[in-house]
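User: I'd like a close look at one part of this model, the ligand site, and then at how the elements around it fit together. Here it is.

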Amino acid sequence: MKAIILAGGFGTRLRPLSCTRPKLLFPLANQPILDWTVKALAENGVDTVVLAVNYMAEAIVRHMGASKYGVSIIYSREERPLGTGGPIKRAEHILGRDEPFLAMNGDVVCEVDYRRMVEYHTDREAVATVALVEVERPERFGVAQLDEEDRIIRFVEKPKPEAAPSRLVNAGIYTLSPEIFDYIPPGRPVSIEREVFPRLAERGLLYGYKISGPWIDIGVPEDYLKANAIMLDKVAKEPVIGEASEVEAEVVAPTVLGAAVKVGRDSVVGPYVSVGDGVVIGRGCRIENSVIFPGAFIGDFTSIRNAIVGENAVLGRWVKVEGTSIIGDYVNVSDNVTITSGVSICPSKSVSESILKPGRVL
Ligand code: GDD
Ligand code: MG
């Protein structure tokens, strides 16, 4: 079976971390989200994955190569972003018209029995089956209304909170039959959620497949941290420490440290922390529920809680970062600065004063 992963675009809210890599190469427990997805597809009998790429396509090609986890990888590169439907039409010649295939957003973490989903789809002779998950606040997503047979009779992308027809949302995972190609106009950007699903719903050709268990779209910092925590629970029940790392500190599981990481004495790292390769953490630091991208430098006595620190960022001594804040790639934070409550600092910026209000620092 074939699958196509939408791997283009860049996450708007996580943009400060995208200067060195596309969103799909963001690490979860130190492995790109794309690796987790391709591995899960391989375990479910997928033999060919089409990666629909545009932004920083070369980085994805370099990382994934021509095959990985026993799956062949074929790249479909867009000259300009084609949205969430256009890339599927563009890959028609690769996906073929012989059998249903899987299509998915590359920025979600979940557990789906893909084989069962395809069976469900085939039994119903649907053109598209959308995995649905129940959430508290549906308005950030595509929302579905079902009939008694789980046919989707209405699909609304990002409705106003009061207009959401249910709390069942599009999990970003689809089984599609080849007829889908007839519903996507070629050669221009198409939103599958806004242009294609509503039309299929009107004709009774769109089904919902409910999934349960953890599901997360990594698009906002709090959810990205949650996704990281889910993967750490899987792989780091005991602390994982990479090669050539020098750790004099306490590492509290679940936590992973990459290769050539240094952590000074009297520091505590964890629980729920991923530290990328080559990161240097000073002494007396406290790091909890956070992701530190490769090459970052964290000065002595600095504390980081519920935050993301971008590649090669430099934090001084006695710095405090919390409140699901993002320190962008190559940012420089001076000694004694405090950053709290949802602050997002753009790449390469120097910060020398505390920021205590939510917002973006350009
Ligand atoms: N190739 C390609 N080209 N990929 C793209 C493009 C593009 O122009 N635009 C976005 N993508 C990829 C993103 O990398 C991501 O993996 C996926 O398509 C979805 O885009 P997002 O920008 O993350 O959309 P969203 O999270 O706001 O909403 C979508 O996902 C939700 C579930 O996570 C929608 O499908 C919602 O209906 C859904 O509920
Ligand atoms: Mg998303």
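How far does a polar side-chain atom of Lys23 lie from an oxygen atom of ligand 1? Please start there and work outwards.

Analyst: Keep in mind that this is a predicted model. The distance you ask about is 3.2 Å, from a polar side-chain atom of Lys23 to an oxygen atom of ligand 1. Asn54 also contributes through its side chain, with an N or O atom 3.1 Å from a nitrogen atom of the ligand. With Leu82 it's the backbone that takes part: a polar atom there sits 3.3 Å from an oxygen atom of ligand 1. Taken as a whole, the surroundings of ligand 1 come to 25 residues, and the closest are Gly8, Glu78, Glu157, Glu193 and Asp217.

Asp217 is a handy link to the metal. Together with Asp107, Asp217 supplies the protein donors of the magnesium ion (ligand 2), both through OD atoms, at 2.0 to 2.3 Å. Asp107 belongs to the loop between E7 and strand E8 (108–110), while Asp217 is part of strand E14 (residues 215–217), so the pair ties together parts that are 110 residues apart in sequence. Both are covered up: Asp107 is buried, and so is Asp217.

From Asp107, step back to E7 and you're in the strand pairing. E1 (residues 2–6) pairs with E7 in the parallel sense over 4 bridges, and Ala3 stands opposite Leu102 there. E1 also pairs with E4, again in the parallel sense, this time over 5 bridges, with Leu6 opposite Ala52. E1 is mostly covered, too, with 4 of its 5 residues buried.

Carry on past E4 (residues 48–53) and you reach E6 (residues 71–77): the two run parallel and are joined by 6 bridges, and Thr48 stands opposite Ser72. E6 has an antiparallel partner as well, E5 (residues 67–68), through 2 bridges; Lys68 has Val71 as its bridge partner in E6. The hairpin of E5 and E6 has 2 residues between the strands, and Tyr69 takes a positive phi near 55° in it.

E7 also leads to helix H5 (residues 114–124). Its buried residues are Tyr114, Met117, Val118, Tyr120 and His121. They cover an arc of only 160° around the axis, which puts them on the same side of H5. The general rule behind this sort of pattern is that an α-helix has 3.6 residues a turn, so residues three or four places apart point the same way. The buried residues of H5 pack against E7 (101–105), helix H1 (33–43) and strands E9 (128–134), E12 (168–176) and E13 (206–210). On the face turned away from that buried side, H5 carries the exposed residues Arg116, Glu119 and Asp123. Right after the helix comes Glu125, with a positive phi near 50°.

One last stop, further along the chain. There, 7 strands make up an open sheet with parallel pairing, in the order E16-E19-E22-E25-E28-E31-E34. The edges are E16 (246–247) and E34 (350–351), each with a single partner strand, so one side of each is left without a neighbour in the sheet. For E16 the partnership with E19 (residues 262–263) rests on 2 bridges, the strands running parallel, and Glu246 has Lys262 as its bridge partner in E19.

Conventions. Residues are numbered from 1 along each chain as its sequence is written. Chains are lettered from A and ligands numbered from 1 in the order in which they are written. This is a predicted model: local features need pLDDT of at least 70, side-chain atom pairs count only at pLDDT 80 or more; totals for chains, interfaces and linings use all residues. Side-chain values use heavy atoms; hydrogens and water are left out. Buried means under 20% relative accessible area, exposed over 50%, partly exposed in between (1.4 Å probe, protein chains only). The arc is that of the directions from the helix axis to the C-beta atoms. Contact means heavy atoms within 4.5 Å. Donors are N, O and S atoms within 2.8 Å of the metal (3.2 Å for Na, K and Ca); water is not among the atoms, so sites may look incomplete. Two strands pair if DSSP finds at least two bridges between them. A residue is near a molecule or strand if one of its heavy atoms lies within 4 Å of it. A polar contact is a pair of N or O atoms within 3.5 Å; within protein, one must be able to donate a hydrogen and the other to accept it, and residues adjacent in sequence count only if both atoms are side-chain atoms.
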